[in-house]
Amino acid sequence: MTGLKQTALFRSLLAAVTLWLIAGCSADLIEETASNPLETKQVTADWIAVKQSATDSTLERGQRMFQMCAGCHGLAEGEFSPGGPSLYGVAGRNVGSIDGFPYTQAMANKPEVWSVEHMNTFIAAPQSVYPGTSMAYTGLNNPEDRAALIAFIASKSPL
């Protein structure tokens, strides 16, 4: 895929999310029960929009981007890694909220929710968002790569 096509694809994805935000749907949250029946999360429509609008080529690119994450994060339900929490069901989950995972103080039990926007900001520069996080990853500069990675994570998440 040419750079021009990738840029157009990213802009289309970004436009869909932006239109959703402009329409005032950011306050619309769909409550969904997580795998733990005692845990509830708020899945924002931005994740759903990203998942539904992702193309095969975007998902392939996102899968390639995820290889950088796979050493520490899994995408399967209940998957545990000492390096990082599972990203299964991350959409709408509170930051640092998986029981039993040894989060650093920088990320433990934060009030923020993993929205698409928050995930995008975090992936760009984790240490800037949560100074002191133990994540050694320095960030993904390319916004198209971040969009593809987020679409891939969304495609593996129960929404």
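At 15% relative accessibility, cysteine 69 counts as buried, and it takes part in no disulfide. In this predicted model, the closest cysteine sulfur belongs to cysteine 72 and sits 8.9 Å away. That gap is too far for a bond. A disulfide, after all, is a covalent bond between the sulfur atoms of two cysteines. The tally for the structure is zero disulfides. Cysteine 72, for its part, comes out as partly exposed, at 35% relative accessibility.

Stepping back to the overall layout, the chain has six helices and two strands. Going along the sequence, these turn up in the pattern α-β-β-α-α-α-α-α. Of the 159 residues in the chain, 40% are buried. The accessible surface comes to about 8500 Å², and carbon and sulfur atoms hold 56% of that. As for contacts with a separation of 6 or more, 50% of them are between residues 24 or more positions apart.

Next comes the inside of the model. The largest nonpolar core has 28 residues, and the ones with the most contacts inside it are Trp47, Phe66, Met107, Trp114 and Leu149. Helices α2 (45–53), α3, α4 (116–124) and α6 each give two or more residues to this core. Helix α6 provides the largest share, with six residues. Leucine 149, one of the residues with the most contacts inside the core, touches Gly62, Met65, Phe66, Cys69, Ile123 and Leu140, leaving aside its neighbours within four places in sequence. So the list of partners for leucine 149 takes in Cys69, the cysteine that counts as buried at 15% relative accessibility.

Valine 50 offers another look at the interior. This residue is in helix α2 and is buried, with a relative accessible area of just 2%. Its C-alpha atom is 9.5 Å from that of alanine 148, although the two residues are 98 residues apart along the chain.

Aromatic rings come next. A pair of such rings is described by the distance of the centres and the angle of the planes. With ring centres required to lie within 6.5 Å, the count comes to four aromatic pairs. One of these joins phenylalanine 66 and phenylalanine 152, whose ring centres are 5.7 Å apart. The planes of these two rings meet at 50°, so the pair is tilted. Phenylalanine 66 belongs to helix α3 (residues 56–66) and phenylalanine 152 to helix α6 (residues 143–155), so the pair ties together parts that are 86 residues apart in sequence. Both partners are tucked away from the surface: phenylalanine 66 is buried at 6% relative accessible area, and phenylalanine 152 is buried at 7%.

A second pair brings together tryptophan 114 and phenylalanine 122, with ring centres 5.1 Å apart. Here the planes are at 65°, so the pair is edge-to-face. Tryptophan 114 is buried, at 7% relative accessible area, and phenylalanine 122 is buried too, at 6%. The ring pairs do not stop there, as they link Trp114, Phe122 and Tyr130 into a cluster. Trp114 has also come up already, among the residues with the most contacts inside the largest nonpolar core.

That leaves the loop between α3 and α4, where both serine 86 and asparagine 109 are found. Serine 86 counts as buried, at 7% relative accessibility. Its side chain reaches the backbone nitrogen of tyrosine 88 at 3.1 Å. Leaving aside its neighbours within four places in sequence, serine 86 is in contact with Gly74, Leu75, Ala76, Glu79, Arg93 and Ile98.

Asparagine 109, by contrast, counts as exposed, at 64% relative accessibility. Its backbone is worth a glance as well. Most residues other than glycine have a negative phi. Asparagine 109 is not a glycine, yet its phi is positive, at about 50°.

Conventions. Residues numbered from 1 in each chain as written. Predicted model: local features only at pLDDT ≥ 70, side-chain atom pairs only at ≥ 80, totals over all residues. Heavy atoms only, no water. Phe/Tyr/Trp six-rings, centres within 6.5 Å; stacked < 30°, edge-to-face > 60°. Helix = DSSP H or I, 4+ residues; strand = E, 2+ residues; numbered from the N terminus. Buried < 20%, exposed > 50% of the residue type's maximum accessible area, 1.4 Å probe, protein only. Disulfide = S-S within 2.5 Å. Contact = heavy atoms within 4.5 Å. Areas by Shrake-Rupley, 256 points an atom, 1.4 Å probe, with all protein chains shown as cover. Core = buried A, V, L, I, M, F, W, Y, C linked by side-chain atoms within 4.5 Å. Polar contact = N/O pair within 3.5 Å; in protein donor to acceptor, adjacent residues only side chain to side chain.
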